[in-house]
Amino acid sequence: MTNAPPDLTVLGQLSIDDVVLPDGRTDMGGCGGDATYAALSASLWLDHVGVVAPAGIDFPPDHVDRLRELGLDLSGVVARSGPAIRYWVVYEADGRRRWLQRSPESAFSETAPAPDDVPAAFRRTAAFHIAAMPLGDVERLIAAIGSWSPGAIITLDTHEDEVDGFQDRIAALLPHVTAFLPSREEVTSWFGWDDPVRAIRELGGLGQRMTVIKMGPEGSLVHEARTDRLVEVGIAPGAVVDVTGAGDAFCGSFVAGLVIGDDPADAARRGAAGASIAVGAFGTLHEWSRATAEARLHETRSGDRPTVSPGVDGTNAG
């Protein structure tokens, strides 16, 4: 790669995933991690995507080679002396998913990207996606990005284990963020109740320009703070093999859309198309087809949701 800054820099983590499906199919030792899913999804739309994601000592070199073959700029994939993150990802017949940690707890902090891991060219990037990782690392990265690339697009995903009890710290970051991209489960953890329409408007008042709640098979809900516009976006068509990483892939294509110039709803449609490519095979080391993504983008529906106000009992009135 050249010394030119990437179109987008993805900051996240790598993992080794052992996936077990309800029908007995498995994919052992697969290439996973929020950084890989987000970056490969973004590369469906952008030509130069940089990745900053430290690799544990046992992260397979073949995985790194294949990610490079798929077109990612891995200048920010630096070696760490400790172990890689590794999970069993076990799916139940009713759709529930369990993450069973196989690596020591230290792997999560030791393989989170630090500002010093970001190559000089990447620091000039006009757009950054911060994938789910320990919140302290997120705080350091957002502060650094503000000094490197003032005015850059910043999108933020949250770690499902660091939402409840961390609301004040996350809220303090949101005025520095372009888009906040939590899952429905994370939003429910934040508030203690499950009402995405009510929740997204509460979150939308915390300072970020836009908020997207990822809702799995129900699509996504998109809110733009300036206009208070609320849009529902469906999922894209396509086969579903392994939904691991679908949310990360959504995020990657969403921020790519912002880089291209999409409005928030169109960026979410692009996110749905990227997620549909991710779930069509095990892991990340499969074909990510631009032509297929474009076709699915055109088949993804979105529509304005009528403006509603929370009722006094917490339900939606009107």
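A disulfide is a pair of cysteine sulfur atoms within 2.5 Å. In this predicted model, that rule yields a count of 0 disulfides. Cys-31 takes part in no disulfide, and its nearest cysteine sulfur, that of Cys-251, lies 18 Å away. The same holds from the other side: for the sulfur of Cys-251, the closest cysteine sulfur is in Cys-31, and 18 Å is too far for a bond. Both cysteines are shielded. Cys-31 is buried, because its relative accessibility is 2%. Cys-251 is also buried, because its relative accessible area is 0%.

Cys-31 falls within the residue range of strand E3 (26-32). This strand belongs to an open sheet of 4 strands, ordered E3-E2-E6-E7, with mixed pairing. Strands E3 and E7 (97-101) form the edges, and each pairs on one side only. From one strand to the next, the twist averages 25°. Strands E2 (residues 15-20) and E3 run antiparallel and are joined by 5 bridges. Across this pair, Val-20 stands opposite Thr-26 of E3.

A further buried position is found in a helix. Ala-265 is part of helix H9, which spans residues 264-278. Its relative accessible area is 4%, so Ala-265 counts as buried. Beyond its neighbours within four places in sequence, Ala-265 is in contact with Val-222, Arg-229, Val-231 and Val-233. Asp-161 lies elsewhere: 104 residues separate Ala-265 and Asp-161 along the chain, and their C-alpha atoms are 28 Å apart.

How values were computed: Residues numbered from 1 in each chain as written. Predicted model: local features only at pLDDT ≥ 70, side-chain atom pairs only at ≥ 80, totals over all residues. Heavy atoms only, no water. Pairing = 2+ DSSP bridges. Helix = DSSP H or I, 4+ residues; strand = E, 2+ residues; numbered from the N terminus. Axes fitted to C-alpha atoms, helices over the stretch in contact; angles between N-to-C directions. Buried < 20%, exposed > 50% of the residue type's maximum accessible area, 1.4 Å probe, protein only. Contact = heavy atoms within 4.5 Å.
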